[in-house]
Amino acid sequence: QVQLVESGGGLVQAGGSLRLSCAASVSTFSSYVMGWFRQAPGKEREFVAAISWSGGRTDYADSVQGRFTISRDSPKNTVYLQMNSLKPEDTAVYYCAADRRAFRRVTPVVEYEYGYWGQGTQVTVSS
């Protein structure tokens, strides 16, 4: 069973930065694609970013491309989301997720491909 714990959320002014962390409890962490999703009030959860199991491929939603960076530190079983130039529309609960399959060749952007989820961390960007 994979357990994911996010941290690093908080309140920040527009234009500021935050770094989210997601610690995984599984020793085979490096075998899985990892993703970040977010859900704003009254909206459906949406894809933000994903990183391949090797770390060599990343994908981003158009809305965060160029501002957010996903990375992973496999020895620490941790994935990060560096968020720069934050906007009020980035306000949401951010969720870390792990692929349901190991060694997938692509980086999924849809929720149902991810089998494990963290509890979420709130990010609030004030204008």
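This note sets out, in numbered points, the strands, core, disulfide and selected residues of a predicted model.

1. The open sheet. Four strands form an open sheet in the order β1-β3-β8-β7, and their pairing is antiparallel. The edges are taken by β1 (residues 4–7) and β7, each of which has a single partner strand, so one side of each is left without a neighbour in the sheet. From one strand to the next, the twist averages 15°.

2. Pairings within that sheet. At one edge, β1 and β3 run antiparallel and are joined by 4 bridges. Here E6 stands opposite C22 of β3. At the other edge, 6 bridges join the antiparallel strands β7 and β8. Within this pairing, R72 has V79 of β8 as its bridge partner.

3. The two faces of β1. The side chains of this edge strand alternate along its length. L4 and E6 point to one face and are buried, whereas V5 and S7 point to the other face and are not buried. L4, V5 and E6 are also among the residues in contact with C22.

4. Strands paired with β9. Strand β9 is joined to β4 by 7 bridges, in the antiparallel sense, and F37 stands opposite Y95 of β9 in this pairing. Antiparallel pairing also links β9 with β11, over 3 bridges; there Y94 stands opposite T121 of β11. A further 3 bridges join β9 to β10 (residues 114–117), again antiparallel, and the bridge partner of D99 in β10 is Y114.

5. The nonpolar core. The largest nonpolar core comprises 36 residues. Those with the most contacts inside this core are M34, W36, V79, L81, M83 and Y94. At least two core residues come from each of the following strands: β3 (18–24), β4 (32–39), β5 (46–51), β7 (68–73), β8 (78–83), β9 (92–102) and β11 (121–126).

6. L81 as an example from the core. Which residues does L81 touch, once those up to four places away in sequence are not counted? They are L18, R19, L20, W36, V48, A49, F68, T69, I70 and Y94. Two of these, W36 and Y94, are themselves listed with L81 among the residues that have the most contacts inside the core.

7. The disulfide. The structure holds 1 disulfide. It is formed by C22 and C96, whose sulfur atoms are 2.0 Å apart. The torsion about their S-S bond is about -75°, so the disulfide is left-handed. This pair links distant parts of the chain, since C22 is in strand β3 and C96 is in strand β9, 74 residues apart. Both C22 and C96 are buried.

8. The surroundings of C22. Why is C22 classed as buried? Its relative accessible area is 0%, and buried means under 20%. Leaving aside neighbours within four places in sequence, C22 is in contact with L4, V5, E6, M34, W36, N77, T78, V79 and C96. Of these, M34, W36 and V79 also appear among the core residues with the most contacts. By way of a separation in space, C22 and D62 lie 22 Å apart, C-alpha to C-alpha, and are 40 residues apart in sequence.

9. T121 in strand β11. T121 lies in β11 and is buried, with a relative accessible area of 10%. Its side chain reaches the backbone nitrogen of G9 at 3.2 Å. Apart from neighbours within four places in sequence, T121 is in contact with E6, S7, G8, G9, L20, A92, V93 and Y94. One of these, Y94, is the residue that stands opposite T121 in the pairing of β9 with β11.

10. D99 in strand β9. Is D99, placed in β9, buried or exposed? D99 is buried, with a relative accessible area of 0%. A polar atom of the D99 side chain lies 3.1 Å from the backbone nitrogen of R101. Not counting residues up to four places away in sequence, D99 touches Y32, V33, R104, P108, E113, Y114, G115 and Y116. Among them, Y114 is the bridge partner of D99 in β10.

Technical notes. Residues numbered from 1 in each chain as written. Predicted model: local features only at pLDDT ≥ 70, side-chain atom pairs only at ≥ 80, totals over all residues. Heavy atoms only, no water. Core = buried A, V, L, I, M, F, W, Y, C linked by side-chain atoms within 4.5 Å. Buried < 20%, exposed > 50% of the residue type's maximum accessible area, 1.4 Å probe, protein only. Contact = heavy atoms within 4.5 Å. Polar contact = N/O pair within 3.5 Å; in protein donor to acceptor, adjacent residues only side chain to side chain. Pairing = 2+ DSSP bridges. Axes fitted to C-alpha atoms, helices over the stretch in contact; angles between N-to-C directions. Disulfide = S-S within 2.5 Å.
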